[in-house]
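A fresh page in the notebook, and a friendly hello to whoever reads it next. Today I am looking up cavities, pockets and helix packing.

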Amino acid sequence: MNIAVLETGVPPDPLIDEFGTYPDMFADLFGSGYEIETFDVQSGEWPHGAAHGAYLITGSPAGVYDPLPWIGPLMEFIRSNRDAKMIGVCFGHQAMAQALGGEVVKSPKGWAAGLNRYDVLRPQAWTNGEREVAIPASHQDQVVVQPPGTSVVAASDFTPFAALAWDDRPAISFQFHPEFSPAYARALIEKRYERVNTPDAALASLDAPNDNQRVAAWMRRFLEA
């Protein structure tokens, strides 16, 4: 399958030199059988035509409410795509929610970081019977109003709309980061140490086993169904 990755941000310097770009991380997560084509939407690059089986919107340091020239076109791209499969991660999750009737704000709760645990509330055809998943997270913005026509697939007390599935289009989204290795998540916390809630606890949490590959399997099943 050919996946168009809409790259909405890059890892901060110097982490990109060690860990690669977000499209690189997703290519590693998906494994063989997927062709990744990257579009730098911040520079005005957009996929055209029907050459891609799916779209994936990455994380970004931007907020969906920021007055950036590429945010509006991204929202319109999301709204206009009703047929091809779409996955959003972190900022991508927020952008899909905002574009399709939800609301995103900079949360007064502060930053979620480290390994976060989420209850699986509404199992889907692409999940695999899990009741809970533990996945790295790194965000302050949050979806605070659920988009109409969605199911909340996973949630936590801190992040009540952590994973969404749309009923009227082939689209799913996640606030957490299955593409983040523990090493990258740790390096990101260290870089943002002064901003993160309880940074030492967040760093220690990454020593526990994660469910990145379980969520990667969710995404592959969704794409292949």
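What volume does the largest pocket have? I looked it up and got about 420 Å³. A reminder to myself before going on: this is a predicted model.

**Entry 1, the pocket.** I next asked what lines the largest pocket. There are 25 lining residues, and those closest to the pocket centre are Ser 60, Pro 61, Trp 111, Ser 138 and Arg 192. By element, I found that α4 (91-99), β7 and α5 each supply at least two residues of this lining. Sorting the pocket lining by character, I noted 11 nonpolar, eight polar and six charged residues.

**Entry 2, the cavity.** How many cavities of 30 Å³ or more does a search of the whole structure find? My search turned up one. I noted a volume of about 60 Å³ for the largest cavity. Its lining consists of Trp 111, Ala 113, Ala 137, Ser 138, Phe 180, Ala 185, Leu 188, Ile 189, Arg 192 and Val 196. I sorted these too, and the cavity lining divides into eight nonpolar residues, one polar and one charged.

I then cross-checked the names. Trp 111, Ser 138 and Arg 192 are in the cavity lining, and these three are also among the residues closest to the centre of the largest pocket.

**Entry 3, who supplies the cavity lining.** Which element gives the most to the lining of the largest cavity? I found that α5 does, with three residues. Both β7 (132-139) and α5 (182-191) supply at least two residues each.

**Entry 4, a look at α5.** Staying with this helix, I listed its buried residues: Tyr 184, Ala 185, Ala 187, Leu 188 and Ile 189. Of these, I recognised Ala 185, Leu 188 and Ile 189 from the cavity lining. I also looked up what covers the buried residues of α5, and the cover includes α1 (15-19), α2 (22-30), β6 (112-120), β7 and α6 (199-205).

**Entry 5, from α2 to α7.** As α2 is part of that cover, I followed α2 to another partner. At what angle do α2 and α7 pack? I got about 85° for α2 against α7 (residues 212-224), with the axes 9 Å apart. Angles of 65 to 115 degrees count as roughly perpendicular, so α2 is roughly perpendicular to α7. On the α2 side I noted Phe 26, Leu 29 and Phe 30, which meet Asn 212, Gln 213, Ala 216, Met 219, Arg 220 and Leu 223 in α7. This contact divides into six nonpolar, two polar and one charged residue.

How values were computed
Residues numbered from 1 in each chain as written. Predicted model: local features only at pLDDT ≥ 70, side-chain atom pairs only at ≥ 80, totals over all residues. Heavy atoms only, no water. 1 Å grid on protein atoms, 1.4 Å probe; cavity = no way out; pocket = protein on both sides within 12 Å on 5 of 7 lines; lining within 4 Å. Points joined across faces, edges and corners; volume = space filled by probe spheres on them. Nonpolar A, V, L, I, M, F, W, Y, C, P; charged D, E, K, R; others polar. Buried < 20%, exposed > 50% of the residue type's maximum accessible area, 1.4 Å probe, protein only. Contact = heavy atoms within 4.5 Å. Axes fitted to C-alpha atoms, helices over the stretch in contact; angles between N-to-C directions. Parallel < 35°, antiparallel > 145°, perpendicular 65-115°, else oblique.
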